[in-house]
Amino acid sequence: MTFLINLLIVASLVLGGCGEKSTATSEYQARMTVMAIQPDGQPANVLQLVWRFDIADEWHLYSAGRNDSGFPPTVALELPTSWTAAELQWPAPTRHLSEGDILDHVYFGELVLLQEITMSEDADLSAGFEISGVMSWLACRGMCVPGEADVLIRSVSDVPADYAEIVSQLPQRWDETVLQSHWDGAVLQVVGPSEAQLTFMPNQDCGRLVDLIADGVGPELAVRFQTIAELPGPARGLITIESEGVPRRVFLLDVPAHVLESESSGG
Amino acid sequence: MSLNLNPLEVDLMRILRLVSLVALLVVMIVGTAVAELAPGEAAPAFTLVDTEGNEHSLQDYLDDGKTVVLEWFNPDCPFIKKHHKSARTMDESFAKVSAHEVVWLAINSSAPGREGAGLERNQKAHKAYEMTFPILLDSDGKVGRAYGAKTTPHMFVINPAGEVVYNGAIDDNPSPKTMGKSNYVLAALHGLMMNQKIEQASTRPYGCSVKYSK
């Protein structure tokens, strides 16, 4: 009898009774777990989902930014009535250039995403709730394997020990004391700290670029934009700063499209 | 039989030889770079052999007045499997247009030893996917690089005048599993047939990266 009770308890845990649900792929390229937490300092009607991907050696997942190939982790959630889900929050990826000048921005090792869920005003977590859905992704390493995991969250978990570090990995707002940018015609010039390496990783809605492979990394950046209807830009994405002995810093870049000044005709 | 040429003809021949040599050098240099073909640009010429040993020349098809669809292909890519196995997007699309002077060619630019490469693998895929158009092998990646093919699939539509009129994705859903709603290639072909402007002549292709040689 005790054995049967224990078996039922284990089964309920596997089915999501503890607030986490993970499904491993049959051959391990990436494994996903998700938990709902309520960190200190957030409004009482906000849950934070912590999506954690454990990526097998040499495999990578894709960022949600501008890539030449691949498919980023994408989630479809079913929420209780009047609850809403914000966009996934992504840490900075790594630039990955393959043969044929194929440029992607990817993650190796581990990827942790955050996602805010705003509950309805009358939500009572103690009465029970259910968040369900499916997370899909593509893991690649010379070959690509799609992955998928069912999501089932029914309770709130303890805040993980590395939560502060996870938050610190998210891009910060632009800081003019660290980075400066200005337009020079259709070129966005970006200057950072001395002896630092800058990398630009555009979002999907960034303006069309001339050559991200050549322009996207260096001690200073001169990112050339195509002029469409005389409007290069907008410049949207991430700028990472890497200096020896200093943790990588990541800033959000959001510069509106730039109206080019036309040359005045001679008199 | 010997040619009797006057001095002017001899000079012209020397000039032509020099121009040809320079052109060849340019092609050799440019051939290793990866192009970004915009709609309206000339489609790079190529001649490739398919998995049955038949030769296919783009120029021959254009000379016959054909519209040519190119599909970059890797039999082991999940996006290709989506369109050839889970659904038959490509073959069904071709079936809709094949009576209208359209040729559809799959091109595999995977380098030897890389995913999806090799004659045998592609012969098996052609049969397993019940493909109604050939797979051409571009194992050194020259044609892929000339077209700027980045993903499998990556689609190009070439009009009978030899111009690229569409460059991009097959449809509007970049997921490896879910089908799209709008077929950009069929829309481009319809526009061509009706002599109408192609509304979306360029989209962002999606798929696995083309497995070029190092």
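# Salt bridges and a sheet in a predicted model

User: Which residues are linked in a network of salt bridges in chain A?

Analyst: In this predicted model, A:R52, A:E110 and A:D162 are linked in a network of salt bridges.

User: Why is the contact between A:R154 and A:E130 called a salt bridge?

Analyst: The side chains of A:R154 and A:E130 come to 3.1 Å, N to O, and the cut-off asks for a Lys or Arg side-chain nitrogen within 4 Å of an Asp or Glu carboxyl oxygen, so the pair qualifies as a salt bridge. By this rule the count over all chains comes to 16 salt bridges.

User: What parts of chain A does the pair of A:R154 and A:E130 tie together?

Analyst: A:R154 belongs to the loop between β11 (144–153) and α2 (163–168), while A:E130 belongs to the loop between β9 (110–118) and β10 (131–140), so the parts tied together are 24 residues apart in sequence.

User: Why is A:D215 called buried or exposed, and what of its partner A:R224?

Analyst: A:D215 has a relative accessible area of 10%, and buried means under 20%, so A:D215 is called buried. A:R224, by contrast, has a value of 32%, which lies between the 20% and 50% limits, and A:R224 is therefore partly exposed. The closest N and O atoms of these two residues are 2.9 Å apart, in a salt bridge.

User: What makes B:E101 and B:K66 a salt bridge, and where do the two residues lie?

Analyst: Their closest N and O atoms are 3.0 Å apart, which meets the requirement of within 4 Å. B:E101 lies in the loop between α4 and β4 of chain B, and B:K66 in the loop between α2 (58–63) and β3, so the salt bridge ties together parts 35 residues apart in sequence. B:E101 is partly exposed at 40% relative accessible area, and B:K66 also counts as partly exposed, at 22%.

User: How do you know that β1 and β5 of chain B pair?

Analyst: Pairing requires at least two bridges, and two bridges join β1 (residues 47–50) to β5 (residues 135–137) of chain B, so these strands, which run antiparallel, count as paired. B:D50 stands opposite B:L136 in β5(B).

User: Why are β2 and β8 of chain B called edge strands?

Analyst: In chain B, the open sheet of seven strands has the order β2-β1-β5-β4-β3-β7-β8, with mixed pairing; β2 (55–57) and β8 (164–168) each pair on one side only, and are called its edge strands. The twist averages 30° from one strand to the next.

Definitions and conventions: Residues are numbered from 1 along each chain as its sequence is written. Chains are lettered from A and ligands numbered from 1 in the order in which they are written. This is a predicted model: local features need pLDDT of at least 70, side-chain atom pairs count only at pLDDT 80 or more; totals for chains, interfaces and linings use all residues. Side-chain values use heavy atoms; hydrogens and water are left out. Helices (H or I, at least four residues) and strands (E, at least two) are DSSP runs, numbered from the N terminus. Axes are lines fitted to C-alpha atoms, for helices over the stretch in contact, and angles run from 0 to 180 degrees between N-to-C directions. Buried means under 20% relative accessible area, exposed over 50%, partly exposed in between (1.4 Å probe, protein chains only).
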